[in-house]
Amino acid sequence: HPLVRRAEVDFVRGVRKKKGEAVILEIPLLFETGADKRCDATLCVTAPRAVQKVRVMARPGMTNEKFRAIMAAQMPDKDKRARADFVIPTGKNLATTARHICKALEALGLCP
């Protein structure tokens, strides 16, 4: 969507102006829209489908039909994991997720 893209451009420009070390963008359909081509590195946040369903179904107004539509619009998780530079599993516990985030940030030179 043009307004979303414009907001992204403005955000990145603002971080660069402030001499920020990095910009982290959350783009739900990153690979599907080709937005990964604008990134130096990509992270895929992933969880088993059963965990995803529990989380999504907890949203107000969510139905099985809406959940299926959301999943149908997305690239299969295994394909996203294969394309990402880093995979962040979120299906276990917060400590495991944090450990994977720290490893990715260290590899990118963003952690001391």
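Visitor: What relative accessible area does R81 have?

Guide: This is a predicted model: local features need pLDDT of at least 70, side-chain atom pairs need pLDDT 80 or more, and totals for chains, interfaces and linings use all residues. Residues are numbered from 1 along each chain as its sequence is written, and side-chain values use heavy atoms, leaving out hydrogens and water. R81 is partly exposed, a class between buried (under 20% relative accessible area) and exposed (over 50%; 1.4 Å probe, protein chains only). The value for R81 is 36%.

Visitor: Which residue does R81 meet in a salt bridge?

Guide: A salt bridge needs a side-chain nitrogen of Lys or Arg within 4 Å of a carboxyl oxygen of Asp or Glu. Here the N to O distance is 2.4 Å. The partner sits 4 residues from R81 in helix α5, so about one helical turn separates them. It is buried at 19%, and it is D77.

Visitor: Which residues are linked with E8 in a network of salt bridges?

Guide: Within helix α1 (a DSSP run of H or I, at least four residues), R5 lies 3 residues from E8, and their closest N and O atoms are 3.1 Å apart. On the other side of the network, E8 pairs with R38 at 2.8 Å. That pair links distant parts of the chain, 30 residues apart, with R38 in the loop between α2 and β1. E8 is buried at 13%, and its network partners are R5 and R38.

Visitor: How many disulfides does the rule count?

Guide: A disulfide takes two cysteine sulfur atoms within 2.5 Å. The count comes to 0. For C39, the nearest cysteine sulfur is that of C44, 13 Å away. C39 is partly exposed at 25%, and the number of disulfides is 0.

Visitor: What is the volume of the largest pocket?

Guide: A pocket is an open set of points on a 1 Å grid, with protein on both sides within 12 Å along at least five of seven lines; lining residues have an atom within 4 Å of a point. The largest pocket has 45 lining residues, with L25, E26, I27, L30 and L43 nearest its centre. By class, 26 are nonpolar, 7 polar and 12 charged. Its volume is about 1,600 Å³.

Visitor: Which helix gives the most to the lining of the second largest pocket?

Guide: This pocket has a volume of about 280 Å³. Its lining includes R5, E8 and R38. By class, it has 6 nonpolar, 2 polar and 4 charged residues. With 3 residues, the top contributor is α1.

How values were computed:
1 Å grid on protein atoms, 1.4 Å probe; cavity = no way out; pocket = protein on both sides within 12 Å on 5 of 7 lines; lining within 4 Å. Points joined across faces, edges and corners; volume = space filled by probe spheres on them. Nonpolar A, V, L, I, M, F, W, Y, C, P; charged D, E, K, R; others polar. Helix = DSSP H or I, 4+ residues; strand = E, 2+ residues; numbered from the N terminus.
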